[in-house]
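Please open the model in your viewer, with the sequence panel alongside, and make each selection in turn as the tour reaches it.

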Amino acid sequence: MKQAEKIKKQAEWKFSWRLLWENFVFQEWEHFYKMPTALYKHTMYRHTDSYEKVVDALRLIKQYFGPMVTIPKTEILKDKDSNYVIRQEKIPWEKLTKQHLNNNPKLVSKFARIIVANELMWKQQWFFLDILWSDIIKHPNTIHNLFTDWENIFIFDFWLLEQSSKNFFFKYFSRFWTWIQLQIIKRFF
């Protein structure tokens with residue numbers, strides 16, 4: 001808990017353009033730090049232990065995607081308000097793009113297995129790994145939450161969409177955004 005509070009103190013002096021997204025993110029040396037934004041604390045994580053949600057999300061991601069991807073070294077800390085503070089090792093690779101997939105059959109195979117595992121997780125657990133997020137609008141040929149070194153795929157962000165969330169808005173947003181992602185991925189990638 002002390003380490004989480006120390007990181008939150010560091011965050012007070014940082015700027016993140018992601019204030020309206022789920023995480024406040026900043027980089028310090030070789031690590032990225034992520035914690036829920038004030039908006040998400042009071043909307044999506046209202047009446048929810050965000051720390052437990054993130055721990056469970058990482059467990060599911062390791063279970064469904066572990067054999068086919070690499071997850072950067074990640075430590076999930078809990079602050080005094082039961083919110084998460086994620087400390088994640090920086091990876092020097094590139095965001096996965098359509099160009100990477102066009103030029104590398106091995107990556108295409110891994111990416112296809114990720115999509116199948118994601119659909120399976122949605123059917124079995126009612127969770128879906130958000131791999132596109134809103135950045136797809138600015139950079140339509142980029143998979144924003146997956147990185148590559150041209151041989152391997154890394155999952156850097158593990159926010160899960162929920163088909164059965166207690167939060168009414170998030171439940172329906174999750175269903176809609178999952179459907180949209182599957183349409184985009186199957187059509188363009």
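Begin by selecting T148, which is found in strand β7. The model is a predicted one, so every contact described on this tour is to be read as a feature of that prediction. Is T148 buried or exposed? With a relative accessibility of 1%, T148 counts as buried, the cut-off for that class being under 20%. Display its side chain and look for N152, whose backbone oxygen is reached by the side chain of T148 at 2.8 Å.

**The sheet around β7**

Now select the whole of β7, residues 142–148, together with β5 and β8. These strands form an open sheet of three strands in the order β5-β7-β8, and the pairing is antiparallel. The edges are taken by β5 (94–97) and β8 (153–155), each of which has a single partner strand, so one side of each is left without a neighbour in the sheet. From one strand to the next, the twist averages 65°. Keep β5 and β7 on display to follow their antiparallel pairing, which extends over four bridges, and label K95, which stands opposite F147 in β7. As you compare side chains along these strands, bear in mind that in a regular strand they alternate between the two faces of the sheet.

**Strands β2, β3 and β4**

Move next to β4, residues 84–89, which is joined by four bridges to strand β2 (residues 31–36), the two running antiparallel. On the β2 side, select K34 and look across to I86 in β4, which stands opposite. Then add strand β3, residues 74–78, which also runs antiparallel to β4 and is joined to that strand by five bridges. Two of the residue pairs can be picked out here: E75 has R87 as its bridge partner in β4, while the bridge partner of K78 in β4 is Y84. Between β3 and β4 the hairpin has five residues, and in this hairpin S82 takes a positive phi near 65°.

**Helix α3**

From Y84, the next stop is S50, because the side chain of S50, a buried residue with a relative accessible area of 0%, reaches the backbone nitrogen of Y84 at 3.2 Å. S50 is found in helix α3, so extend the selection to residues 50–65. What span should the 16 residues of this helix have at 1.5 Å a residue? They should span 22 Å, and the end C-alpha atoms are 22 Å apart, which agrees. At the start of α3, display D49, where a side-chain oxygen reaches to within 3.1 Å of the backbone nitrogen of Y51. Colouring by accessibility will show the buried residues of the helix, namely S50, Y51, V54, A57, L58, L60, I61, Y64 and F65. To follow such a set around a helix, recall that an α-helix has 3.6 residues a turn, so residues three or four places apart point the same way.

**Helices α5 and α7**

Select helix α5, residues 105–125, whose 21 residues reach 30 Å from the first C-alpha to the last, close to the 30 Å expected at 1.5 Å a residue. At its start, a side-chain oxygen of N104 reaches to within 3.0 Å of the backbone nitrogen of K106; just after the helix, W126 takes a positive phi of about 70°. The buried residues of α5 include L107, F111, I114, I115, M121 and W122, and among them are also the charged or polar K110, N118 and E119.

Add helix α7, residues 168–188, which packs with α5 at an angle of about 155°, the axes being 12 Å apart. The two helices are therefore roughly antiparallel to each other, angles over 145 degrees being counted in that class. Turn the view to look through both helices, and α5 is seen to pass α7 in a left-handed crossing.

**Last stop: S165**

Finish in the loop between β9 (160–162) and α7, where S165 lies. S165 counts as buried at 9% relative accessibility. Select F127 as well: S165 and F127 are 38 residues apart in sequence, yet 9.4 Å apart in space from C-alpha to C-alpha.

Terms used:
Residues are numbered from 1 along each chain as its sequence is written. This is a predicted model: local features need pLDDT of at least 70, side-chain atom pairs count only at pLDDT 80 or more; totals for chains, interfaces and linings use all residues. Side-chain values use heavy atoms; hydrogens and water are left out. Two strands pair if DSSP finds at least two bridges between them. The expected span of a helix is 1.5 Å times one less than its number of residues. Buried means under 20% relative accessible area, exposed over 50%, partly exposed in between (1.4 Å probe, protein chains only). A polar contact is a pair of N or O atoms within 3.5 Å; within protein, one must be able to donate a hydrogen and the other to accept it, and residues adjacent in sequence count only if both atoms are side-chain atoms. Axes are lines fitted to C-alpha atoms, for helices over the stretch in contact, and angles run from 0 to 180 degrees between N-to-C directions. Angles under 35 degrees count as roughly parallel, over 145 as roughly antiparallel, 65 to 115 as roughly perpendicular and the rest as oblique. A crossing is left-handed if the near helix is turned anticlockwise from the far one by less than a right angle, and right-handed if clockwise.
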